[in-house]
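Subject: Handing over a structure

Hello,

I am passing this structure on to you, and I hope you enjoy looking through it. Please open it alongside this email; my notes follow below.

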Amino acid sequence: MGESDDIRYMTRALELARRGLNTTDPNPRVGCVLVRDGEIVGEGWHERAGEAHAEVNAIHSAGERAAGATAYVNLEPCHHQGHTGPCSAALQAARVQRVVAAMTDPDRRTAGLGLAALRRAGIHVDCGVMEAEALDLNAGFVMRHTRARPFVRVKMAASLDARTATASGESQWITGTAARRDVQRLRARSSAILTGSGTMLADDPSLTVRSAELGEDIAFNQPLRVVLDRRLRTPPGAGLFRQPAATLIATRNNDPALRQSLADAGAEILDLPADGGSELTGLMATLARRGINEVLVEAGPTLSGALLGEALVDELVLYLAPLLLGDAARGLFHLPHIKTLAEGLSLDIIDVQAVGDDWRITARPRSGPM
């Protein structure tokens, strides 16, 4: 098969992988296509952590027709024993003839070992087909294994003059129904949602995925809710605790009564670094150790600006409403260190879409790793 065929079948593998967009954490999103004599004979994708991997599902789909086939997979087949066996061994046992991978696995337990094992078994291996698309799909998994932190996506809603709330603090709702539904899709794909205590007090958000706004046929896991609350101002009666999802409150406050009241409400208390290191960097490292791949930040200008200032933001998703709120209204990001144009944070605009009556702009800082 030629290069155009490789791209066509890898495109299909990526489509299958996206079916696990909301459900595979902490594992990567992986799809697999088996092709023999120019015909797709088997397909599969990883649906949930702890369940069969994409390659195994594709092999089961193909049955005996897997023998002599080419396997297209958007991530190097795993080479370690976890909840399931190594996919490199499963492909050998199925007697596939060729394996085409989009990228190597950044997990050090595999990291090239899976492809090497396949080559030693006499299987022809190619790697790098549609690598950029594969990296983008699993940006959080890659970030966690290469930089020991999650992929951080900041979502903000603002007026056309970049104001997030009126001078009095009124902000619900700046954007329309379609934009708010779109945010539910961002929540569903995220491993965790991060907010600050100021947003908790002002808006009392639940920070959960509302299934009714997603559609009945979309599977998802409720993300971990993370509140950065240095002084433990979050009330035990907050709406956060009326929803069935895990909650982590990161704090510096050692008051035993406050900590106990929040623990009784259902929160896990996490102590922020006390050694003078960056609280935000330490928090992200802790989340990575817990298997968090993607963090969605839904916070005000102070926390969002602090994350930008520490180069911890990988992507911005801005929803702009056809509305003007004026000079006295509150801005998008608190970035007091920027004094000149030269100090401004340059962005690459990677997507602009109309969402109902609003506009969604997706951008990435140019200094970022992605």
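A good place to begin is the pair β15 and β16, which are joined by 8 bridges and run antiparallel. Please keep in mind as you look that this is a predicted model. One of the pairings to look for is D348, whose bridge partner in β16 is R364. The two strands make a hairpin with 2 residues between them, and in the turn G356 has a positive phi of about 65 degrees.

Next, have a look at the open sheet of 5 strands. Its order is β2-β1-β3-β4-β5, and the pairing is mixed. The edges are taken by β2 (39–45) and β5 (124–127); each has a single partner strand, so one side of each has no neighbour in the sheet. From one strand to the next, the twist averages 15 degrees. Within this sheet, β3 (residues 70–73) and β4 (residues 98–101) run parallel and are joined by 4 bridges. If you want a residue to find there, Y72 stands opposite V100 in β4.

The hairpin strands come back when you turn to the second largest pocket, which has a volume of about 530 Å³. Its lining is made up of 22 residues, and those closest to the centre are R153, L186, R189, E315 and T362. Several elements supply at least two lining residues each, among them β15 (347–355), β16 (358–365), β6 (151–159) and α7 (177–189). The most comes from α7, which gives 4 residues. By character, the lining divides into 12 charged, 8 nonpolar and 2 polar residues.

Last, the cysteines. How many disulfides does a search of the whole structure find? The search finds 0. Take C87: the closest cysteine sulfur, in C78, is 3.7 Å from its own, which is too far for a bond because a disulfide needs the two sulfur atoms within 2.5 Å. C127 is in no disulfide either, and the nearest cysteine sulfur, that of C32, is 14 Å away. As for their surroundings, C87 counts as buried because its relative accessibility is 0%, under the 20% limit. C127 has 36% relative accessibility and so counts as partly exposed, a class that lies between 20% and 50%.

I hope this helps you find your way around. Happy exploring!

Best wishes

Key. Residues are numbered from 1 along each chain as its sequence is written. This is a predicted model: local features need pLDDT of at least 70, side-chain atom pairs count only at pLDDT 80 or more; totals for chains, interfaces and linings use all residues. Side-chain values use heavy atoms; hydrogens and water are left out. Buried means under 20% relative accessible area, exposed over 50%, partly exposed in between (1.4 Å probe, protein chains only). On a 1 Å grid over the protein atoms alone, a cavity is a set of points where a 1.4 Å probe fits but cannot get out, and a pocket is an open set with protein on both sides within 12 Å along at least five of seven lines; lining residues have an atom within 4 Å of a point. Grid points are joined across faces, edges and corners, and a volume is the space filled by probe spheres set on the points. Ala, Val, Leu, Ile, Met, Phe, Trp, Tyr, Cys and Pro count as nonpolar, Asp, Glu, Lys and Arg as charged, and the others, Gly among them, as polar. Two strands pair if DSSP finds at least two bridges between them. Axes are lines fitted to C-alpha atoms, for helices over the stretch in contact, and angles run from 0 to 180 degrees between N-to-C directions.
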